[in-house]
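Me: Please take a close look at one part of this model, starting from a single charged side chain and its partner. Then set that part against the rest of the chain. Keep it brisk.

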Amino acid sequence: MVAVCRGGPDSGPIGRLAPRARFHALTATRSAVIQMSPVHTGQCAGDPAETLRHLMQRMVLPLAPGGAAEPDWPRPAR
């Protein structure tokens, strides 16, 4: 997958396509590649740090014993 994104002679037939064609192959809604959400610009409304915290708690962090996401993210640096 990374080789296809990077492109070049050693990245297979799709990796040898032009960047635009590689992008469309990787983001195709009917491709065999796992795609979790539609492609977007990466912009968010409001505070980016709050959006990241919300997404980490909802999508990444393990659930605490009570069933809620662990509330202490981001964790303090050690």
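Reply: Glu-50 is partly exposed, with a relative accessible area of 37% (buried is under 20%, exposed over 50%, partly exposed in between, using a 1.4 Å probe and protein chains only). Its partner is Arg-53: the two side chains meet in a salt bridge, 2.4 Å from N to O (the rule asks for a side-chain nitrogen of Lys or Arg within 4 Å of a carboxyl oxygen of Asp or Glu). Arg-53 is also partly exposed, at 24% relative accessible area. By that rule the count comes to one salt bridge.

This is a predicted model, where local features need pLDDT of at least 70, side-chain atom pairs count only at pLDDT 80 or more, and totals for chains, interfaces and linings use all residues. Residues are numbered from 1 along each chain as its sequence is written, and side-chain values use heavy atoms, with hydrogens and water left out.

Both partners lie in helix 4, three residues apart, about one turn of the helix (helices are DSSP runs of H or I with at least four residues, strands are runs of E with at least two, and both are numbered from the N terminus). Helix 4 spans residues 48-60.

Arg-53 has a further partner. The side chain of Gln-57 makes a polar contact with the side chain of Arg-53, at 2.4 Å (a pair of N or O atoms within 3.5 Å; within protein, one must be able to donate a hydrogen and the other to accept it, and residues adjacent in sequence count only if both atoms are side-chain atoms). So the side chain of Arg-53 meets Glu-50 in the salt bridge and Gln-57 in the polar contact, while its own relative accessible area of 24% makes it partly exposed. Gln-57 lies in helix 4 too. Gln-57 counts as buried because its relative accessible area is 18%.

Helix 4 also carries nonpolar surface. Val-60 lies in this helix and is exposed, with a relative accessible area of 54%. Leu-55, Met-59 and Val-60 make a nonpolar surface patch of about 310 Å² (patch residues have over 30% relative accessible area and no salt bridge; like charges are joined within 9 Å, nonpolar side chains, here Val, Leu, Ile, Met, Phe, Trp and Tyr, within 5 Å).

Now compare the N-terminal part. Ser-11 is found in the loop between helix 1 (2-6) and helix 2 (12-15). Ser-11 is buried, at 10% relative accessible area. Its side chain has two backbone oxygens in reach. A polar atom of that side chain lies 2.6 Å from the backbone oxygen of Gly-8. The backbone oxygen of Gly-15 is reached at 3.2 Å. Leaving aside neighbours within four places in sequence, Ser-11 is in contact with Ala-3, Val-4 and Arg-16 (contact means heavy atoms within 4.5 Å).

Gly-15 lies in helix 2. Gly-15 is buried, at 2% relative accessibility. Beyond four places in sequence, its contacts are Val-4, Gly-7, Gly-8 and Arg-22. Two C-alpha distances help to place Gly-15. Ala-25, ten residues away in sequence, is 9.6 Å away in space. Val-2, 13 residues away along the chain, is separated from Gly-15 by 9.4 Å. Val-2 sits in helix 1 and is exposed, at 56% relative accessibility. Ala-18 follows in the loop between helix 2 and helix 3; it is partly exposed, at 46%.

Finally, the whole chain. Its elements run α-α-α-α from the N terminus on, with four helices and zero strands. Buried residues make up 13% of the 78 residues. Among contacts between residues at least 6 apart in sequence, 5% join residues at least 24 apart. The accessible surface comes to about 6600 Å², and 62% of it belongs to carbon and sulfur atoms.

How confident is the predictor? The chain averages a pLDDT of 75, and 63% of the residues score at least 70 (pLDDT is the predictor's confidence in each residue, from 0 to 100). Among the elements, helix 3 (residues 19-27) has the lowest mean pLDDT, 82, and helix 2 the highest, 89. Where pLDDT is low, the predicted coordinates should not be read in detail.

How values were computed: Accessible areas come from the Shrake-Rupley method with a 1.4 Å probe; for residues, only the protein chains shown count as cover.
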